[in-house]
Amino acid sequence: MTEVRLKQRLGLRLVPVGVADRSGAAVCPEGLDARQLVELKLKGQGVAAYPGWGRPGMHALELAANADADVLLEASPGNLQTGQPALDCVQSALRRGLHVVLANK
C-alpha cells in the first residue's frame, strides 16, 4: 500500500523517527525525511550523515531501546543460527510495548 492509501483507508500516517545502519543512526522525534535518507544511501553515505539528526556510532539496539516510536520495522540481515542482531532489537522493542514488523524474516 502506498502512503496515500494507508492514510485514506486506515487513517495511518507512517513517520520514520529513527533509522540505523552500519554508520550509526539518524533520530528525530518530529520525523525524518525519507527522501533525504534514500539520497544519502544512493550517495554511498550512511544515515549518520543526516544533517542535524545523525548520530555516528549509535547502534540499532540503542535506537530500538530509546526511540520515541510506536512501531519497530526490523530489516537488518540476520544470522540464521542466533537471530542476531535482529533478535535483540525486537526483544527490546517488545519489552517497551512497541509493535514490531519483521520485514525480511
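## Who lines the pocket

Helix 2 gives the largest share of the lining of the largest pocket: five residues. Keep in mind that this is a predicted model.

How much space lies in the largest pocket? About 1,700 Å³. Its lining takes in 46 residues, and the closest to the centre are Pro16, Gly18, Val19, Ala20 and Leu73. If you want to trace the lining by element, look for those that give two or more residues: strand 1 (18-21), helix 2 (34-42), helix 3 (60-66), strand 4 (71-74) and helix 4 (86-95).

## What the lining is made of

Sort the lining of this largest pocket by class and you get 28 nonpolar, seven polar and 11 charged residues. How do we find empty space like this in the first place? Rolling a probe the size of a water molecule over the atoms shows where it is left.

## The sheet

Now for the strands. Three of them make an open sheet, in the order 1-2-3, and they pair in an antiparallel way. Strand 1 and strand 3 (54-56) sit at the edges with a single partner strand each, so each has one side without a neighbour in the sheet. Going from one strand to the next, the twist averages 15°.

## Zooming in on strand 1

Strand 1 turns up in both parts of this story: it gives two or more residues to the pocket lining, and it stands at an edge of the sheet. How many bridges join strand 1 to strand 2? There are four, with strand 2 covering residues 24-27 and the two strands running antiparallel.

Val19 is a nice residue to find on screen. It stands opposite Ala26 in strand 2, and Val19 is also among the residues closest to the centre of the largest pocket.

Note on methods: Residues are numbered from 1 along each chain as its sequence is written. This is a predicted model: local features need pLDDT of at least 70, side-chain atom pairs count only at pLDDT 80 or more; totals for chains, interfaces and linings use all residues. Side-chain values use heavy atoms; hydrogens and water are left out. On a 1 Å grid over the protein atoms alone, a cavity is a set of points where a 1.4 Å probe fits but cannot get out, and a pocket is an open set with protein on both sides within 12 Å along at least five of seven lines; lining residues have an atom within 4 Å of a point. Grid points are joined across faces, edges and corners, and a volume is the space filled by probe spheres set on the points. Ala, Val, Leu, Ile, Met, Phe, Trp, Tyr, Cys and Pro count as nonpolar, Asp, Glu, Lys and Arg as charged, and the others, Gly among them, as polar. Two strands pair if DSSP finds at least two bridges between them. Axes are lines fitted to C-alpha atoms, for helices over the stretch in contact, and angles run from 0 to 180 degrees between N-to-C directions.
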